[in-house]
Amino acid sequence: MTDGPRRFVCLDPRKAKRKAVADALAGLGPIRWLRIPPMRLRGYPETATEAQTALNMSKDRDRGPLVARLNRWLFALQYNGARAYFAANPDAVAVCWNGLNGTRRAFMQGARHAGARLLFFELAPLPGRVTIDPNGVNFANSLPRKIGPYLAWAKAESPAPDAWRTAGRDIRQRAPMQAKATPGDLPPLDAPFLFVPLQTPGDSQLRLFGGAFPTVEGFIDALVAASAQLPEGWHIRVKEHPTAPTSFADKFAGTDQHPIYLDNATDTFSQVAASRGVITVNSSVGLESMFYDKPVVACGQCFWAIPGVADSAPTPQALADLCSNPGALGYDAAARDAFMNFLTQCYYPEPATAAALVAARLQGPDRFGFWQVQP
């Protein structure tokens, strides 16, 4: 991208998301909104691979061979079109909401391979904030996976160690789509337990970054098995996602010999507050639980699963080992303060005040190593 004036070319996310993009880019340059991405027949050496990857990451990847062939052809046209467009317009910045799946991935990869600068938007796990990243969102973002850069930033900027806590005051669980009964008798909340907030079945976070746990069903099976390793008196307390369209309550039937219970009635963050630790594949509740000073364990791929900030249990065996000694869970307060201060003060801006931070991200890596775009 040239150093001259910028213009932004955005696949139109519509509704409130469009406003968040417009607010964040206000004053930085004009925005061109695209209803459909550019397309071109003439391809590149990478076209077939990129089209297949876009299909593999699409929600429609399992809809049969005919649909797969048509989508792969469409993604190839979109990749070619985006790459040609941004090669011919070096001052343009490619903008997309999420950008992980199908058409949006093809568009952003085409722009990336043309040498364009990129901005990926997504809702943040903090109320009223957005993700704006030059590499991707969620685990695909540009943030370092080690604590050093965050500690260096905190030393240079000197934020109050607990300044990040104000950003968590309005965290609430999502309103449930339907009432869900809780089967069986539950232990009291003051008994020692680990809390597990489940994700929505089919969630792209699970599909793309779930690692050994790409489905809710498989994760529940691993939890049931791991619960057998808990010390006497401990239990696992599970809650299904409030907006999940289907329930897996039947998977908890017949688990009377295992200290694991389904509690869909109690508020998510009441359970977080009462727990001795939180386990998740890669739900945003993991990050939100840090506002409650809880040890957090990621079983999938999470950008926040940095030693000192959170623990990892990437396999069923690692999960079982963790459950054998849950009292050993913890975190480093200085590391978590530095990490969370960076997130709340820099990484998740409020849309109306994001422009200066976005401009800095478009300049590439800074002296602390943030905004390093990966291929």
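Between which strand and which helix does the loop that holds Gly136 lie? Gly136 sits in the loop that runs between strand E5 (130-133) and helix H5 (148-157), where helices (H or I, at least four residues) and strands (E, at least two) are DSSP runs numbered from the N terminus. The model is predicted, so that local features need pLDDT of at least 70 and side-chain atom pairs count only at pLDDT 80 or more, while totals for chains, interfaces and linings use all residues. Residues are numbered from 1 along each chain as its sequence is written, and side-chain values use heavy atoms, with hydrogens and water left out.

Gly136 is buried, with a relative accessible area of 2%, because buried means under 20% relative accessible area (1.4 Å probe, protein chains only). Apart from neighbours within four places in sequence, Gly136 is in contact with Phe120, Asn141 and Tyr347, contact meaning heavy atoms within 4.5 Å. The C-alpha atoms of Gly136 and Gln374 are separated by 9.2 Å, although these residues are 238 apart along the chain.

The helix H5 that follows this loop has an axis that comes within 9 Å of that of helix H11 (residues 333-347), crossing at roughly 75 degrees; axes are lines fitted to C-alpha atoms, for helices over the stretch in contact, and angles run from 0 to 180 degrees between N-to-C directions. H5 is therefore roughly perpendicular to H11, a term that covers 65 to 115 degrees. On the H5 side, Tyr150, Leu151, Trp153 and Ala154 take part, meeting H11 residues that include Ala338, Phe339 and Phe342.

Methods: Buried means under 20% relative accessible area, exposed over 50%, partly exposed in between (1.4 Å probe, protein chains only). Angles under 35 degrees count as roughly parallel, over 145 as roughly antiparallel, 65 to 115 as roughly perpendicular and the rest as oblique.
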